[in-house]
Amino acid sequence: MSCLFCRIVSGDIPASKVYEDDDVIAFNDINPQAPLHVLAIPKRHISTLNDLVDGDDAIVGKLVRAAAAIAGEKGLAERGYRTVFNCNAEAGQTVFHIHLHLLAGRRLGWPPG
Ligand code: AMP
Ligand code: ZN
């Protein structure tokens, strides 16, 4: 299995998990860009947002709901947070297993770089 995030799902590679259910795990980003930087991923491999199909609506919703819940648990929901999916090269996607970035704990610039 060559996909890094599939290896995190299988337990092959350790991660600092903050949330897990049957379909989703979330863990701290190894190179955090904000005081809270978590990645929420589906356990099932999906390479990019371009590969989503009708049946994937629920899993995408679960990723967003997990991110919102984690921001709430960390006490950062009211201050605010950002969620980002990077898709393909120009957006800077480096791991080709979809992941929702959750960033919080500092003022985040807009527009993004
Ligand atoms: P992206 O550039 O949107 O594909 O994001 C990939 C993210 O995965 C980056 O923010 C990396 O810091 C993060 N990352 C890479 N390897 C690991 C790992 N082993 N554990 C946690 N996060 C990782
Ligand atoms: Zn994968």
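Helices, in the sense used here, are DSSP runs of at least four residues, numbered from the N terminus. On that basis, the element that gives the largest share of the shell around ligand 1 is H1, with three residues. The model described in this passage is predicted, and the values given below are computed from it.

The surroundings of ligand 1 were examined before the rest of the protein. The ligand is surrounded by 16 residues, of which Asp 29, Asn 86, Gly 92, Thr 94 and His 101 are the closest. By residue class, this shell consists of seven nonpolar residues, eight polar residues and one charged residue. Oxygen atoms of ligand 1 take part in several short pairings with the protein: a polar atom in the side chain of Asn 86 is found 2.9 Å from an oxygen atom of the ligand, and an N or O atom in the side chain of His 99 is likewise 2.9 Å from a ligand oxygen. The backbone also takes part, since a backbone N or O atom of Val 95 is placed 3.0 Å from an oxygen atom of ligand 1. On its own, ligand 1 has 500 Å² of accessible area, and the protein covers 84% of it. Two elements, helix H1 (4–10) and strand S2 (24–28), give two or more residues each to the shell around the ligand.

The space that ligand 1 takes is the largest pocket, and the volume of this pocket is about 720 Å³. The lining is made up of 31 residues, and those closest to the centre of the pocket are Asp 29, Gln 33, His 37, Asn 86 and His 101. At least two lining residues are supplied by each of H1, S2, strand S3 (36–42), strand S4 (81–84) and strand S5 (100–104). As in the shell around the ligand, where H1 gives the largest share, the largest share of the pocket lining, three residues, comes from H1. The lining residues divide into 16 that are nonpolar, 12 that are polar and three that are charged.

Further local features concern side-chain contacts and the backbone. Asp 21, which is located in the loop between strand S1 (17–20) and S2, has a side chain that is joined to the side chain of Tyr 19 by a polar contact of 2.6 Å, and a polar contact of 3.3 Å links the side chain of Asp 21 with that of Lys 62. In the loop between S4 and S5 lies Asn 88, a residue that has a positive phi of about 70 degrees although it is not a glycine. Finally, a cis peptide bond, with omega near 5 degrees, leads from Trp 110 to Pro 111, and Pro 111 belongs to the segment after S5.

Definitions and conventions
Residues are numbered from 1 along each chain as its sequence is written. Chains are lettered from A and ligands numbered from 1 in the order in which they are written. This is a predicted model: local features need pLDDT of at least 70, side-chain atom pairs count only at pLDDT 80 or more; totals for chains, interfaces and linings use all residues. Side-chain values use heavy atoms; hydrogens and water are left out. A residue is near a molecule or strand if one of its heavy atoms lies within 4 Å of it. A polar contact is a pair of N or O atoms within 3.5 Å; within protein, one must be able to donate a hydrogen and the other to accept it, and residues adjacent in sequence count only if both atoms are side-chain atoms. Accessible areas come from the Shrake-Rupley method with a 1.4 Å probe; for residues, only the protein chains shown count as cover. On a 1 Å grid over the protein atoms alone, a cavity is a set of points where a 1.4 Å probe fits but cannot get out, and a pocket is an open set with protein on both sides within 12 Å along at least five of seven lines; lining residues have an atom within 4 Å of a point. A molecule sits in a cavity or pocket if more than half of its atoms lie within 2 Å of its grid points. Ala, Val, Leu, Ile, Met, Phe, Trp, Tyr, Cys and Pro count as nonpolar, Asp, Glu, Lys and Arg as charged, and the others, Gly among them, as polar. Grid points are joined across faces, edges and corners, and a volume is the space filled by probe spheres set on the points.
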